[in-house]
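Let's take a friendly walk through one protein chain. Please have the sequence and the 3D view open side by side.

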Amino acid sequence: MFKNLKLQSMNLYCKISLIIAGLVLLVSLIPISFAFAETYYNVAMITWRGETVAEQGFMDELDKSTCDVAFIKYHANQNRKRLQTIITKIQSTPVDLIYVFGTTATKIVLSRVNDKPVIFNIVNRPVGSGIIASWESSENNATGASNKVPVLHQLRTLKKVVDYSRLGIIYNPGEQNSVIQKDIARKLEDTLGFELKEYKICRKSDVLKVLPLMKGAVDAVYLPADSMTKSLGNEIMNVVNEFKLPSLSAVESMVPEDGALLGLVPNYYELGRLAAKKALKIFQGKKATEIPSSALDHFNMSVNMKTAQKINIQIPMSILVMANRIVR
């Protein structure tokens, strides 16, 4: 009898020991589970001229990460008052990071937001426009990706197609990035041997008022990266191509969509991915000012052969060989 009681006691002891061991193991695993759980972030995305492949690249790269990200999209539609309303709304919404497209929108956002990290994208001259203090450190709450391409490279590419001596530049004087590129082109007059002629477009009605002045006055046209230029791309290129003027655009989509002859631009999708990698560093605990801003080190060449045929321009084989995209 005593032997049976002893065996029962030992069995009960073993069961209790196993239960306790199981509970200890379960408790020890709880912190590990939390350590590997996905972290949730809210990202406000502000676009200036509508969603582009840059935003798609940004979202795709973050979706690949272990972070659980919710994207809250706001479209300013190139309207400053609308952008101000968006900023006010974001300030009353719990967001962890703000993504913003373009020079104009980024400057406005940073003028009002200094308590949240801001990732900018498609800002051609972030230092020159005062968005960041230097490429190494913004000295504020911003970092991001630039679509900078040396204007010298772009104008030399255009020179290979037509040896222009009079270059027309179509730009928006109300957009700082556009003005900076115009000033750079002006400094290259002696280097490349041309005279720069300015054609300012501030609104849609300017297209038919200003651009006809180019006829017989210029040999080629340069279009800096600017949201207004892009939004009026079809109207602008209709006039430029009617006058049979070779053109080079610094806006990625103007070659296939609007009929610009040439483009020497960075890949917007890759710029989006580059911006997302900076966002991930912020999620890992870094401050925006500690993350250097950067640009891509390679560019895409686009050629529109339909436009070349329309304006009777022969594209050199050296350009065609280098082209990443040929529109036929």
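Here is a short report on confidence, one crossover with its helix, and the cysteines.

This is a predicted model, in which local features need pLDDT of at least 70 and side-chain atom pairs count only at pLDDT 80 or more, while totals for chains, interfaces and linings use all residues. Residues are numbered from 1 along each chain as its sequence is written, and side-chain values use heavy atoms, with hydrogens and water left out.

The mean pLDDT (the predictor's confidence in each residue, from 0 to 100) of the chain is 91, and 88% of the residues reach 70 or more. Residues 1-7 stay under 50 and have 0 contacts (heavy atoms within 4.5 Å) beyond four places in sequence. Where pLDDT is low, the predicted coordinates should not be read in detail.

Strand 1 (residues 40-47) pairs in the parallel sense with strand 2 (residues 68-75) over 8 bridges; pairing takes at least two bridges found by DSSP. Between these strands the chain passes through helix 2 (residues 53-63) in a right-handed β-α-β crossover, clockwise from first strand over helix to second with the strands pointing away from the viewer. Helices (H or I, at least four residues) and strands (E, at least two) are DSSP runs, numbered from the N terminus.

Buried residues of helix 2 include Phe58, Met59 and Leu62, and their cover includes strand 1, strand 2 and helix 12 (268-283).

The structure holds 0 disulfides (cysteine sulfur pairs within 2.5 Å). Buried means under 20% relative accessible area, exposed over 50%, partly exposed in between (1.4 Å probe, protein chains only).

| Cysteine | Relative accessible area |
|---|---|
| Cys67, buried | 16% |
| Cys202, partly exposed | 33% |
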